[in-house]
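Trainee: I would like to go through this model with you, chain by chain. Shall we begin once it is on the screen?

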Amino acid sequence: MLIIMKKHAPDDTLDRIKEYLITRDFDIHQSTGANRTIIGVIGDTDTLNDHEIEAMPGVSQVVRIKKDD
Amino acid sequence: MDINEIRTRIDLLDDVLLRIFNERARLALEIGHLKKGLSLPVFDPNREKRIFARMKDENPGPLDDGAIVRLFERVVDESRRLERIMSHQEEEA
């Protein structure tokens with residue numbers, strides 16, 4: 001799963017997303033760009049609610065990675 | 001220097017990086033043990049920000065600051081992952 005943050009989302013919104021994921025035992029790969037940050041979420045993301053994450057402050061989009069056949 | 005000499009130097013530097021990454025990971029695990037004993041959270045956003053800010057301040061180039069931050073984000077992400085695995089192993093033991 002990829003979580004794409006809004007352009008220039010404040011640091012505290014990013015911290016909240018990271019804390020949300022880390023306390024639920026997910027590993028993350030953060031990549032900070034010039035305008036926005038992308039968080040790669042590693043783990044059993046089936047247990048995560050896309051809508052709940054998308055509603056969090058600073059989040060632009062949640063992208064599910066299609067499972068291999 | 002020809003291409004082979006440069007690649008030999010890169011290989012030597014990669015060996016040094018490998019040892020340094022693992023030494024850093026060992027120290028991160030020590031911190032993980034201490035944090036667990038003190039019931040402190042694995043995620044410390046202020047500490048992570050200080051690491052990135054310090055590395056940008058110390059960056060002599062030619063890698064730009066964005067590249068330095070992305071590299072250290074990976075280092076920090078993997079340290080956190082290692083702490084999580086250690087924590088689970090200790091709980092299961």
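Trainee: What share of the area that chain A exposes do carbon and sulfur atoms supply?

Mentor: This is a predicted model, in which local features need pLDDT of at least 70, side-chain atom pairs count only at pLDDT 80 or more, and totals for chains, interfaces and linings use all residues. Residues are numbered from 1 along each chain as its sequence is written, chains are lettered from A and ligands numbered from 1 in the order in which they are written, and side-chain values use heavy atoms, with hydrogens and water left out. Accessible areas come from the Shrake-Rupley method with a 1.4 Å probe, and for residues only the protein chains shown count as cover. Chain A exposes about 4,100 Å², and the share from carbon and sulfur atoms is 49%.

Trainee: Which pattern does chain A follow along the sequence?

Mentor: Helices (H or I, at least four residues) and strands (E, at least two) are DSSP runs, numbered from the N terminus. Chain A has two helices and four strands. Read along the sequence, their pattern is β-α-β-β-α-β.

Trainee: What radius of gyration does chain A have, against that of a compact globule?

Mentor: The radius is taken over C-alpha atoms, and the globule rule is 2.2 Å times the number of residues to the power 0.38. For 69 residues a compact globule would be near 11 Å, and chain A agrees, with 11 Å.

Trainee: Is Asp27(A) buried or exposed?

Mentor: Asp27(A) is in strand S2 (residues 27-32) of chain A. Buried means under 20% relative accessible area, exposed over 50%, and partly exposed in between (1.4 Å probe, protein chains only). Because its relative accessibility is 10%, Asp27(A) counts as buried.

Trainee: Which side chain does a polar contact of 2.7 Å join to that of Asp27(A)?

Mentor: A polar contact is a pair of N or O atoms within 3.5 Å; within protein, one must be able to donate a hydrogen and the other to accept it, and residues adjacent in sequence count only if both atoms are side-chain atoms. The partner of Asp27(A) at 2.7 Å is Arg84(B).

Trainee: Which residues does His33(B) contact, leaving aside neighbours within four places in sequence?

Mentor: His33(B) lies in helix H1 (residues 3-37) of chain B and is partly exposed, with a relative accessible area of 41%. Contact means heavy atoms within 4.5 Å. With those neighbours left aside, His33(B) is in contact with Met86(B) and Glu90(B).
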